[in-house]
Amino acid sequence: MKTGKTPEETKVVMTELVLPGMTNLLGNLLGGELMHRMDIAGALACMRHSNAQVATVAVEALAFKHPVRQGEMVSVEAKLVWTGRTSMKVKITAMAENLKTGALIVTNVAVFTFVALGENGEKIPVPTLLPETDAEKQDYASEEQAYRSRHKK
Ligand SMILES: CC(C)(COP(=O)(O)OP(=O)(O)OC[C@H]1O[C@@H](n2cnc3c(N)ncnc32)[C@H](O)[C@@H]1OP(=O)(O)O)[C@@H](O)C(=O)NCCC(=O)NCCS
């Protein structure tokens with residue numbers, strides 16, 4: 001199997017200007033538009049890690065804490081936090097930046113799970129993630145514990 005990457009090496013950031021076609025009647029970025037970008041950024045981080053095609057298998061609690069307004073810059077950052085046998089968990093953070101004031105606000109944080117797929121759509125093993133910092137090691141350990149308790153039942 002290929003050597004794993006560090007969370008930092010998997011990081012993907014997608015940045016875009018919020019335009020009228022992306023918003024609701026109040027001028028706020030549509031939830032579905034944001035979820036689409038989170039899904040793509042997460043998939044790219046997982047593809048970068050696994051060098052394989054991936055499919056979204058689960059999305060953990062996704063709350064919309066603050067709107068992203070038309071004319072703001074929306075950034076979506078995705079970084080792997082844990083790898084299993086064929087699955088990968090990726091933390092995705094969405095941020096809105098007001099370009100007039102420079103104010104930056106985190107609008108959403110969610111954890112998505114993707115599964116790596118081979119050429120014929122079959123599940124394939126992924127390299128083990130190599131957490132480096134204390135925070136990354138802590139996140140990895142807590143996801144590992146959650147995985148183990150899920151598979152005990
Ligand atoms: C992804 C898919 C191939 C997985 O197949 P499956 O037979 O259900 O797979 P398994 O139950 O063996 O699970 C595969 C991995 O996903 C993990 N997984 C499955 N469901 C999960 C869930 N709800 N939450 C977290 N992880 C989950 C399993 O723990 C396993 O991880 P591991 O290999 O690291 O131990 C299949 O469910 C599928 O095709 N789903 C549709 C995907 C899709 O269309 N996504 C949207 C478009 S990309």
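What share of the 153 residues in the protein is buried? Keep that in mind while I set the scene. Hi everyone! What you see above is a predicted model. And the answer is that buried residues make up 40% of the 153.

Let's start with the overall layout. The protein has 3 helices and 5 strands. If you walk along the chain from the N terminus, the elements come in the order α-β-α-β-β-β-β-α. You can try tracing that order in the picture with your finger.

How about the overall dimensions? Along the principal axes, the C-alpha atoms fill a box of roughly 45 × 35 × 30 Å. The radius of gyration is 16 Å, and a compact globule with 153 residues would have one near 15 Å, so the two agree. The accessible surface comes to about 8,700 Å², and 55% of it belongs to carbon and sulfur atoms.

Now, contacts. Take the contacts in the protein with a separation of 6 or more: 72% of them are between residues 24 or more positions apart. L130 gives us an example of residues far apart in sequence. L130 sits in the loop between β5 (104-117) and α3 (134-152). Look for T3 as well: L130 and T3 are 127 residues apart in sequence, and their C-alpha atoms are 9.2 Å apart in space. Leaving out residues up to four places away in sequence, L130 touches G4, K5, T6 and P7. Is L130 buried, partly exposed or exposed? Its relative accessibility is 39%, so L130 counts as partly exposed.

On to charges. Side chains of opposite charge can pair when their charged atoms come close. In this protein the count comes to 8 salt bridges. Let me show you a few.

Find E8 first. The side chain of E8 meets that of K11 in a salt bridge, at 3.3 Å from N to O. E8 also forms a salt bridge with K79, where the closest N and O atoms are 3.2 Å apart. Here is what I like about that second pair: K79 lies in strand β3 (residues 73-83) and E8 in helix α1 (residues 7-10), so the pair ties together parts that are 71 residues apart in sequence. And the linking goes on, with E8, K11, K79 and E136 joined in a network of salt bridges.

How accessible are these residues? E8 has a relative accessible area of 41%, so it is partly exposed. K11, at 28%, counts as partly exposed, and K79, at 22%, is partly exposed too.

Next, look at R37 and E33, which form a salt bridge with their closest N and O atoms 2.7 Å apart. Why are R37 and E33 separated by about one helical turn? Because they are 4 residues apart in helix α2 (residues 31-50). The cut-off for buried is under 20% relative accessible area. R37 has 10% relative accessibility, so R37 counts as buried. E33, at 24%, counts as partly exposed.

Last stop: the surface. Which residues make a nonpolar surface patch of about 270 Å²? They are L17, L19 and L99. L17 belongs to strand β1 (residues 12-17), and its relative accessible area is 43%, so L17 is partly exposed.

To wrap up, take home two pictures. One is the salt-bridge network of E8, K11, K79 and E136. The other is the nonpolar patch made by L17, L19 and L99. Thanks for listening!

Technical notes: Residues numbered from 1 in each chain as written. Predicted model: local features only at pLDDT ≥ 70, side-chain atom pairs only at ≥ 80, totals over all residues. Heavy atoms only, no water. Patch = residues over 30% accessible without salt bridge, like charges linked within 9 Å, V, L, I, M, F, W, Y side chains within 5 Å. Areas by Shrake-Rupley, 256 points an atom, 1.4 Å probe, with all protein chains shown as cover. Salt bridge = Lys/Arg side-chain N within 4 Å of Asp/Glu carboxyl O. Helix = DSSP H or I, 4+ residues; strand = E, 2+ residues; numbered from the N terminus. Buried < 20%, exposed > 50% of the residue type's maximum accessible area, 1.4 Å probe, protein only. Contact = heavy atoms within 4.5 Å. Rg over C-alpha atoms; globule rule 2.2 N^0.38 Å.
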